[in-house]
Amino acid sequence: MSMLNNGLSGLQASQYSLNVVSQNIANINTPGYSRQEALLSARNGGGFGTSSAGDGVEVSSLRRVSDGYLNAALWRATSQSGYDSQFQTMIGQMESVFGSDELSISNGLDSFFSALSAASSSPQSIAPRQQILATAQALANRFNQLSSNLDVQEKQLDEQADATVTDINTQAQSIAKINQSIIEVKAKGGNTSALEDQRDELVLALSKEVSVKTSNQSDGSITLSLAGGQPLVMGSRSATLSRSGDDINLKFVNDSFTLSDVGGSLGANRDYKTGELNDLRTSLNGQAQNLADSINSQLAAGFDLNGNPGTALFSYDPTSPAGSLVVDSSMTPENLAFIGDDGTGNPVGGSGDNSNLGVIVEMKAGFYDDYSKLVGDLAVSSGQAQSLATASDSLRLDAQSKRDSVSGVNQDEEAAKLMQYMQAYQANAKVISTADNVFSTLMGMF
């Protein structure tokens, strides 16, 4: 009764295929789900010679529709997007801080040099001198606050790096565990599709934080390595990352590495901290020191209201000029040395002389230029970072779309398959019914 067997095998194959389609439809909105296909093959009718049409159909395998190249492309694009996004976020924060009116050194210089100019008409008066000291301290406070913001961001970067390292370690451990589960299930002939989807989603999340390379193994596991080739996951074993200052270290079994090429958000975190943030701090400290030294040096060349040589207006800690800049505690309005030197080491004139003050006022442009360049360079770098972040995120979305076009569930396609297999099921049921009628007719002949 090959007709009955054919119909039964077709019925079973159609039912199996319907189950696969229903699984796809049920997971149409599941992130990272890869659709499945039932692969059918004809049974060979080996016992009836050339007159045998065959023994029906069988489900030869269940295929998980996944393209390794598209997955790898998505992971690479996600790593680059993670890097550019983190970098842009950090530098964008500092652009906002350095460009704000409340903290702008340019605005502080405006107030300070306006007070100096106002004192030119009556340099011997105490009130204008008091205003100079007040605006000088306000200018110093701006340097202090900008330096403090750099400290806050550096602490934020360190905290983020620690959290990211912990997350990477957790994800690597999870991938290693899934590797082991896949090895065991595959060895028993089971379906590993759901496990592979879970693993791919973990790799996708991991790739946002650090650049990874993958290679598939014959036992169903994958090997993960970092951009520099250091092993992150091998089979059921995973490496452990740690941070020491600006160094990212990796330990795998008995081997230890210091990572130079990290990538992802963790790499952007370190590169920004050791690059742009460090450059900003160096520039700001240099400007604070230059301002203090230049003003102090010129004041030292003049004389105060009492005819004494000038003393320092500003003081600072050389290890952190911007963070420690203050008006010297010994400075009083009378001590401001606005009277010029006649060339012999004596005052030019009396308390009404403002020749040294005039020299100080003329120093204004140089300080403006330094800060304007810093803010301008920061704006350019931030704009470039924004462009890169936008472009890399567009590439990531394109890579995601290409991956989904192959592995994702298409509602219309699954609906068509549902109709196809339902019709096949009904047709095979009709074959079984017909075979039963034929059998009954044959039996009725006796």
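**Close-up 1. Surroundings of S60 in strand 2.** In this predicted model, S60 touches L39, L40 and S41, when residues up to four places away in sequence are not counted. The residue belongs to strand 2, which covers residues 57-64, and with a relative accessibility of 45% S60 counts as partly exposed. For orientation towards a later view, S60 and F87 are 27 residues apart in sequence, while their C-alpha atoms are 50 Å apart in space.

**Close-up 2. Aromatic rings, with the pair Y83 and F87 in helix 2.** The structure holds five aromatic pairs. Y83 and F87 form a pair that is stacked, with 6.2 Å from centre to centre and 10 degrees between the planes. Both residues lie in helix 2 (residues 68-99), and because they are four residues apart there, Y83 and F87 are separated by about one helical turn. An α-helix has 3.6 residues a turn, so residues three or four places apart point the same way. F87 is buried, its relative accessible area being 14%. Elsewhere, ring pairs link F112, F113, F314 and F367 into a cluster.

**Close-up 3. S392 of helix 9 and its contacts.** S392 is located in helix 9, which runs over residues 364-407, and at a relative accessibility of 5% this serine counts as buried. Not counting residues up to four places away in sequence, S392 touches A77, Q80, S81 and D84. S392 and T78 are 314 residues apart in sequence, yet the distance between them in space is 8.2 Å, C-alpha to C-alpha.

**Close-up 4. T135 within helix 4.** T135 is placed in helix 4 and, with 8% relative accessibility, counts as buried. Once its neighbours within four places in sequence are left aside, T135 is in contact with S111, F112 and A115. Of these partners, F112 also belongs to the ring cluster that includes F113, F314 and F367.

**Close-up 5. The four-stranded sheet and the helix packed on it.** Four strands form an open sheet in the order 3-4-5-6, and their pairing is antiparallel. Strand 3 (212-216) and strand 6 (237-238) are the edge strands, each of which pairs on one side only. Strand 4 (residues 222-226) and strand 5 (residues 231-234) run antiparallel and are joined by two bridges; L224 stands opposite V233 in strand 5. Helix 4 (residues 126-187) packs on the sheet, where it touches strand 4, strand 5 and strand 6, and the direction of the helix makes about 30 degrees with that of strand 5.

**Close-up 6. The three-stranded sheet and the hairpin of strands 8 and 9.** Another open sheet has three strands in the order 7-8-9, again with antiparallel pairing. Its edge strands are strand 7 (240-244) and strand 9, and each of them pairs on one side only. From one strand to the next, the twist averages 25 degrees. Strand 8 (residues 247-252) is joined to strand 9 (residues 255-259) by five bridges, the two strands running antiparallel. The bridge partner of N249 in strand 9 is T258, and that of F252 is D255. Two residues lie between the strands of this hairpin, in which V253 takes a positive phi near 55 degrees.

**Close-up 7. Helix 5, its span and its buried residues.** Helix 5 (residues 193-209) contains 17 residues and reaches 25 Å from its first C-alpha to its last, a span close to the 24 Å expected at 1.5 Å a residue. The buried residues of the helix include the hydrophobic-lettered positions L195, L202, V203, L204 and L206. Also buried are S193, D197, R199, D200, S207 and E209.

**Close-up 8. Helix 6 and its kink.** Helix 6 (residues 264-300) has 37 residues, and the distance of 52 Å that it reaches from its first C-alpha to its last is close to the 54 Å expected at 1.5 Å a residue. Within helix 6 there is a kink of about 40 degrees, centred on Y272.

Technical notes: Residues numbered from 1 in each chain as written. Predicted model: local features only at pLDDT ≥ 70, side-chain atom pairs only at ≥ 80, totals over all residues. Heavy atoms only, no water. Phe/Tyr/Trp six-rings, centres within 6.5 Å; stacked < 30°, edge-to-face > 60°. Buried < 20%, exposed > 50% of the residue type's maximum accessible area, 1.4 Å probe, protein only. Pairing = 2+ DSSP bridges. Contact = heavy atoms within 4.5 Å. Axes fitted to C-alpha atoms, helices over the stretch in contact; angles between N-to-C directions. Expected span 1.5 Å × (residues − 1). Bend = angle between axes of the 7 residues up to and from the residue.
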